[in-house]
Amino acid sequence: MQTLVVPLIPSLPALLDTTPTNASWVITVTLLASAVCTPISGRLGDMFGKRRILLFDLLAMVVGSVLCAMSSSLIPSVAGRALQGVAIGAIPLGISILRDELPPERVGSAMAVMSSTLGVGGAIGLPLAAVIAEHADWHVLFWAAAAMGTIGAGLIFRFVPESPVRTPAPFDFGGAAGLATALLALLIAITQGAQWGWTSSSILTLFAISILVFLGWGRYEIGRRHPLVDLRVSARPRVLFTNIASIAVGFALYGMSLTFPQLLMAPAETGYGFGLSMVEAGSALAPSGCVMMLLSPVSARISARFGPKFTLGIGSAVVGIGYLCAAAMMDSVWQIMLASILVAGGVGLAYAAMPALIMGAVPVTETAAANGLNALMRSVGTSTSAAVMSAVLANMTITLGSQLLPSRDAFHTAFLISVAAACVAIVLTTLIPKQTDATDRI
């Protein structure tokens with residue numbers, strides 16, 4: 001769902017009969033909806049049943065996909081994409097179901113594979129979406145999404161049992177409203193800052209609203225008997241530093257998604273581009289998704305041997321090495337493919353280690369909410385990366401005919417920023433305290 005419309009980005013204004021600025025909301029709204037709904041879905045899953053909320057999330061995705069498939073105007077498309085964003089909550093809910101249902105010896109590898117799908121889906125979905133967009137009507141993309149959601153929901157309904165672990169409590173509507181308001185203000189400011197101007201009154205007001213609402217929300221949540229997010233648990237060093245590291249790793253992941261396709265598709269006349277089509281560029285990057293999936297069981301075995309903290313650090317280091325390779329080697333497609341595989345492999349290791357770190361530090365009754373918060377931190381990282389990388393590529397440009405394109409230095413700068421994000425993740429990983437009980441090695 002995150003990469004579904006990427007092949008349509010240049011054509012969206014014409015397809016929806018709107019301006020490029022308005023069309024960008026088709027991308028942005030999915031990110032906003034997933035960020036807001038993921039922690040809420042996790043909490044609802046702990047309270048009312050993870051399978052039930054998982055099915056609801058997939059139903060929302062199917063409805064949103066059908067709405068987009070039957071529309072050619074902006075408002076219904078934005079609404080449909082928002083509903084599609086709700087489906088991102090399936091990942092933390094799925095991880096929590098695995099912990100509830102599987103024997104301990106199988107939980108580690110299962111969680112690793114499930115967590116890695118956050119990156120795998122985007123890597124594999126990009127070339128598939130490009131092929132469909134190039135050879136069929138663009139609405140087929142959304143009919144395909146609706147079919148996938150329906151199949152997924154049917155399989156879950158048939159084969160996945162409802163989790164027996166529940167946390168009966170009244171839902172914290174005030175906490176949900178406060179979190180949604182603060183997140184929307186923050187993420188709109190981050191994603192629209194380059195277009196509206198970082199020093200504009202609108203962006204500064206949104207940042208101020210976000211800070212004030214977050215402060216008030218935190219005070220409100222601490223005083224609640226049944227909060228949406230248990231900040232006392234979230235403030236435990238093991239959970240806190242893992243979540244902050246998740247922001248850095250999410251930042252590094254999206255840097256690859258945004259820069260590598262543009263580099264591969266840049267005209268050869270630039271002196272650094274390769275002139276590939278969207279399908280060719282997506283196919284060149286598709287192996288990175290396969291590597292991410294293949295390394296997930298490896299991550300589980302490393303975590304079982306040395307602990308998930310070690311795995312998170314190793315994964316972050318591999319991400320940094322991949323971006324260094326990208327900065328140093330931009331002369332052929334295979335070099336970009338190698339860099340993307342290294343970055344994806346590192347992200348796969350890091351993403352697979354995060355649930356084990358989180359669930360080794362929270363009560364079993366709060367696993368879905370805790371994983372939802374961790375997924376939210378990754379979303380904050382990706383949205384921040386989108387804003388930073390877009391600003392770099394938009395402001396360091398060259399002119400080729402009538403086209404304004406990112407320069408070679410722009411890509412170098414973007415890669416080095418991602419290296420810095422990977423280094424931040426490594427430092428934060430070293431701050432995660434060790435845990436010696438068995439939950440650290442599930």
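## Exercises on salt bridges, helix packing and a surface patch

The side chains of Arg224 and Asp172 meet in a salt bridge, at 3.5 Å from N to O, where a salt bridge is a side-chain nitrogen of Lys or Arg within 4 Å of a carboxyl oxygen of Asp or Glu. The model is predicted, so that local features need pLDDT of at least 70 and side-chain atom pairs count only at pLDDT 80 or more, while totals for chains, interfaces and linings use all residues. Residues are numbered from 1 along each chain as its sequence is written, and side-chain values use heavy atoms, with hydrogens and water left out.

**Exercise 1.** Work out which parts of the chain the pair Arg224 and Asp172 ties together.

*Solution.* Begin with Arg224, which lies in the loop between helix H10 (201-222) and helix H11 (231-234), and then place Asp172 in the loop between H8 and helix H9 (173-196); the pair therefore ties together parts that are 52 residues apart in sequence. Helices here are DSSP runs (H or I, at least four residues), numbered from the N terminus. Next, consider exposure, for which buried means under 20% relative accessible area, exposed over 50%, and partly exposed in between (1.4 Å probe, protein chains only). Arg224 is partly exposed at 30%, whereas Asp172 is buried at 2%.

**Exercise 2.** Determine which residues are linked with Lys50 in a network of salt bridges.

*Solution.* Take first the salt bridge between Lys50 and Asp46, at 3.8 Å from N to O. Then add the one between Asp100 and Lys50, at 2.8 Å from N to O; this pair links distant parts of the chain, with Asp100 in helix H6 (residues 90-101) and Lys50 in helix H4 (residues 50-69), 50 residues apart. Asp46, Lys50 and Asp100 are thus linked in a network. As to accessibility, Lys50 is buried at 1%, Asp46 is buried at 1% and Asp100 is buried at 16%. By the salt-bridge rule, the count comes to three.

**Exercise 3.** Decide whether helices H14 and H17 are roughly parallel or roughly antiparallel.

*Solution.* Helix H14 (residues 308-328) and helix H17 (residues 408-431) pack at an angle of about 165°, with their axes 8 Å apart. The axes are lines fitted to C-alpha atoms over the stretch in contact, and angles run from 0 to 180 degrees between N-to-C directions. Angles under 35 degrees count as roughly parallel, over 145 as roughly antiparallel, 65 to 115 as roughly perpendicular and the rest as oblique. H14 and H17 are therefore roughly antiparallel to each other.

Definitions and conventions:
Helix = DSSP H or I, 4+ residues; strand = E, 2+ residues; numbered from the N terminus.
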